[in-house]
Amino acid sequence: MKMKKVLLGLAVLLSASLSVRVEAADKKAVVATASDIKPFSYQNKKGQLTGYDIQVIKAASKYINGYKISFKKTAWDSIFVGLDSDIYQVAANNLSYTEERANKYLYSVPIAKNPLVLVVKKGSKITSLDDIGGKTTQDDTGTSTAKFVDDWNSQHSDNPSTIDYSGEDVTKRLLDLDDGEFDYLIFDKISVETIIKQKNLDLTVIELNTDDNPNNYIIFSSDSKQLQTAFNKAVKKLYNNGTLEKLSQKYLGGSYLPEASALEVSK
């Protein structure tokens, strides 16, 4: 009888141990992405989700224990709504830094350095930010680039620029710009140069000298601190072992790594 009790006790302890392990391994981490912004997040010819952001998360997941990471394609304007309601725990979509987002969500360490550029049709009289007053651009609601133009307008209220909130993805916007439907576009350098090359567009890319943060990030919901911390540690490993550089070369077409010092402090 005593032996049976001992065996029963061991069975209970083993069962509890296994339950804890299963429960820990089943923590969900759903990554939301619009998958419409090549080369960061897009669907390949086989319909598979890929891109720099996606592959960085997949590579980092090898060093993250206790989470089942999956990906979910959704509309851009649903990403942050989903983070707020715990439908998603992670967002990956060529995301830049804004104070508004930082007040609500958790930023990873930067995964790429990707400054904004000004794009115009060849022959345009727009040669710098000083020339966008009275001109029209296209953008989407809630983006850092739209805020960039809004901030510029607040400093040039006598001759502001107009934003047409088209809701189109960046490829369509660049095609429309090439067709002369509006005057200029402000977007990140890597995406712009990738699309111009692929579509053979007759556009000029102008470097911008701004104080804006040029880095790209992965964003986590406010209650995903443990996952954010684990991801940051994993990214540092990817940086140090050369994986991040390989992914940058493969998907971004060059070395666009953030400064090593930027990996020491999470936003």
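**Pockets and a cavity in the predicted model**

About 150 Å³ of space lies in the second largest pocket of this structure, which is a predicted model. Its lining is made up of Pro 39, Ile 190, Glu 193, Thr 194, Lys 197, Gln 198, Tyr 251, Leu 252, Gly 253 and Tyr 256. Two elements, helix H7 (189–199) and helix H9 (243–252), give two or more residues each to this lining, and H7 contributes the most, with five residues. By class, five of the lining residues are nonpolar, three are polar and two are charged. Domain 1 (27–113 + 216–254) and domain 2 (116–207) each supply at least three residues here.

I turn now to the largest pocket, which holds about 930 Å³ of space. It is lined by 42 residues, and those closest to its centre are Ser 96, Leu 116, Thr 143, Ser 144 and Thr 145. Among the elements that give two or more residues to this lining are strand S5 (90–95), helix H6 (170–178) and strand S11 (184–188). The largest share, seven residues, comes from H5. The lining comprises 13 nonpolar, 15 polar and 14 charged residues. Because domain 1 and domain 2 both give residues to it, the largest pocket lies between them.

Finally, I come to enclosed space. The count is one cavity of 30 Å³ or more, and the largest cavity has a volume of about 50 Å³. Its lining has nine nonpolar residues, with no polar and no charged ones; among them are Ala 29, Ile 69, Phe 220 and Phe 231. Strand S1 (27–33), strand S13 (215–220) and helix H8 (225–240) each supply at least two residues of that lining.

Key:
Residues numbered from 1 in each chain as written. Predicted model: local features only at pLDDT ≥ 70, side-chain atom pairs only at ≥ 80, totals over all residues. Heavy atoms only, no water. 1 Å grid on protein atoms, 1.4 Å probe; cavity = no way out; pocket = protein on both sides within 12 Å on 5 of 7 lines; lining within 4 Å. Points joined across faces, edges and corners; volume = space filled by probe spheres on them. Helix = DSSP H or I, 4+ residues; strand = E, 2+ residues; numbered from the N terminus. Nonpolar A, V, L, I, M, F, W, Y, C, P; charged D, E, K, R; others polar. Domains from an automatic or database assignment.
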